[in-house]
Amino acid sequence: KGVITIDPGYKNTGSCESAITFLDGEKGILRYRGYSIEELAEKADFLEVAYLLIFGELPTQEQLDKFHADIKEKSVVDDDIKKILDAFPKSAHPMGVLSSLTSALTAFYPTSVDVNSEEAMYNAIVRILGKFPVLVSWTMRKKHGLPLEYGDDNLGYVENVLKMMFKKPNSEYVQNPILVNALDKLLILHADHEQNCSTSTVRITGSSHAGLFVSLASGISALWGPLHGGANQAVLEMLEAIKEDGGDTKKYMAKAKDKNDPFRLMGFGHRVYKNFDPRARIIKVAADEVLGDLGIEDPILDIAKGLEKEALEDQYFVDRKLYPNVDFYSGIIYRAMGIPVEMFTVMFALGRLPGWIAQWREMRMRKEPIGRPRQLYVGETHRAFKPIEKR
Ligand code: CMC
């Protein structure tokens, strides 16, 4: 008490106790509620994982059916939200639009703020799980001048995401199971990652008892940055630039190591993983599979693999324990699926949504105090005010 320890970036500061996600950065272990990420990515679907993260147990079929039915029932977005969407220029980044629309939902559904009963909390949760994929698809369709879509009650959660994103006017949308499986897996791998930047933001915003939707909107904003979720877009842009530049990976390796050059190898390094990122391992294999299944040959995948091999053998990267992270290969899969690059971080947000919700719910249920770090003041000491003519 009374002693303040300064820890910029909270590298060694625990902000809460949590029973949601276990992460061992040295051993490369990631588990949601005790279940390994490898097993969940292989055997579960995204909605099951969302239920697991939020409520703590894998759902029975009956629980899952009810959860899905409640989500579908709440998936209609107030038509006036379209007016807000319309006011954005087409050039707006979809993450900014998504954050704004998510925040705006609070105005349309004010009961989601006052969540003092479990029932009110549940309603807010299924409401956002229902509406979020609609908003995700709208941010993309707006940018591409396509009419806005709604989901289809007969489809699964992930199937609906794809349909709402890709359905063309005046034509049937035919589901491609390869895309559904690939997206399911990617969303599961992104679903939670304990107290990362955006999740901590959601928890700290929510700790003031601001509503769920605005807490999520602040998380979306935090995720947007290139050091966090925005890295998936930055990776693809970097790989494209290397390709345009004749595929000279060595040049970019040298830039990344040059302390006078702000360039970093995007998709490399992690605050917690110091051996390997288990998500990146799964995604690397999935990238090969998905591109193979879709019959796509992407030279960018070869550049990525080459870059990874060089980095893993390079002393600079070895010394600093820098390995490919979740964002290194995910963009290659998104691209193969036909998802535009500026939507990559939005897809990350869609995956992270259940994690943010679970962490927000845990924070509220544990009645955590308002988040309020201290500081060490290093500014001027007491000064006498100077009138403007004397400055
Ligand atoms: N390229 C080149 N050097 C790097 C990189 C990189 N990608 N990442 C870290 N370093 C160096 C850094 O310059 C520092 O070197 P030195 O000790 O000589 O000063 C050392 O490694 C430690 O880095 P740090 O920035 O102190 O580490 P951090 O834990 O604060 O940052 C990070 C972690 C993920 C922000 C960082 O590794 C990075 O900027 N990576 C690139 C962006 C990226 O891929 N982000 C996605 C992260 S995973 C998914 C997510 O969180 O959303």
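Start at phenylalanine 22, whose bridge partner in strand 2 is arginine 31. Strands here are DSSP runs of E with at least two residues, helices are runs of H or I with at least four, and both are numbered from the N terminus. This is a predicted model, in which local features need pLDDT of at least 70, side-chain atom pairs count only at pLDDT 80 or more, and totals for chains, interfaces and linings use all residues. Residues are numbered from 1 along each chain as its sequence is written.

Back to the strands. Strand 1 (residues 21–24) and strand 2 (residues 29–32) run antiparallel and are joined by 4 bridges; two strands pair if DSSP finds at least two bridges between them. Their hairpin has 4 residues between the strands, and glycine 28 takes a positive phi there, near 70 degrees. On to the next strand: arginine 31 stands opposite serine 36 in strand 3, and 2 bridges join strand 2 to strand 3, again antiparallel. What you get is an open sheet of 3 strands in the order 1-2-3, with antiparallel pairing. Strand 1 and strand 3 (35–36) are the edge strands, each pairing on one side only.

Now zoom out. The domain assignment, which is automatic or from a database, splits the protein chain into domain 1 (16–226 + 350–365) and domain 2 (231–336). Their C-alpha centres lie 26 Å apart. The contact takes 17 residues from domain 1 and 20 residues from domain 2, where contact means C-beta atoms, placed from the backbone, within 7 Å. On the domain 1 side, strand 2, helix 1 (37–43) and helix 8 (177–190) each supply at least two residues. Helix 8 gives the most, with 6 residues. By class, that side of domain 1 has 10 nonpolar, 3 polar and 4 charged residues. In this scheme Ala, Val, Leu, Ile, Met, Phe, Trp, Tyr, Cys and Pro count as nonpolar, Asp, Glu, Lys and Arg as charged, and the others, Gly among them, as polar.

Next, take helix 5 (residues 94–108). Its 15 residues reach 21 Å from first C-alpha to last, close to the 21 Å expected at 1.5 Å a residue; the expected span is 1.5 Å times one less than the number of residues. Its buried residues include Pro94, Met95, Val97 and Leu98, and they pack against helix 4 (81–87), helix 6 (118–143), helix 10 (212–224) and helix 17. Why does methionine 95 count as buried? Because methionine 95 has 24 C-beta neighbours inside 10 Å, and the cut-off is 20 or more other C-beta atoms within 10 Å (12 or fewer is exposed, in between is partly exposed, with C-beta atoms placed from the backbone). Leaving out residues up to four places away in sequence, methionine 95 touches Ile220, Trp224, Thr345 and Val346. Methionine 95 and alanine 349 are 254 residues apart in sequence but 8.7 Å apart in space, C-alpha to C-alpha.

Over in domain 2, helix 11 (residues 231–244) has 14 residues and reaches 19 Å from its first C-alpha to its last, close to the 20 Å expected. Among its buried residues are Ala231, Asn232, Leu236 and Leu239. The cover over the buried residues of helix 11 includes helix 14 (299–313), helix 16 (326–336) and helix 17 (344–365). After helix 11 comes glycine 246, with a positive phi near 90 degrees.

Finally, the ligand. Ala231 is one of the residues that come nearest, along with Arg264, Gly269, Arg271 and Asn325, out of 20 around the ligand; to be near, a residue needs its C-beta atom, placed from the backbone, within 6 Å. The shell has 8 nonpolar, 8 polar and 4 charged residues.

Notes
Contact = placed C-beta atoms within 7 Å.
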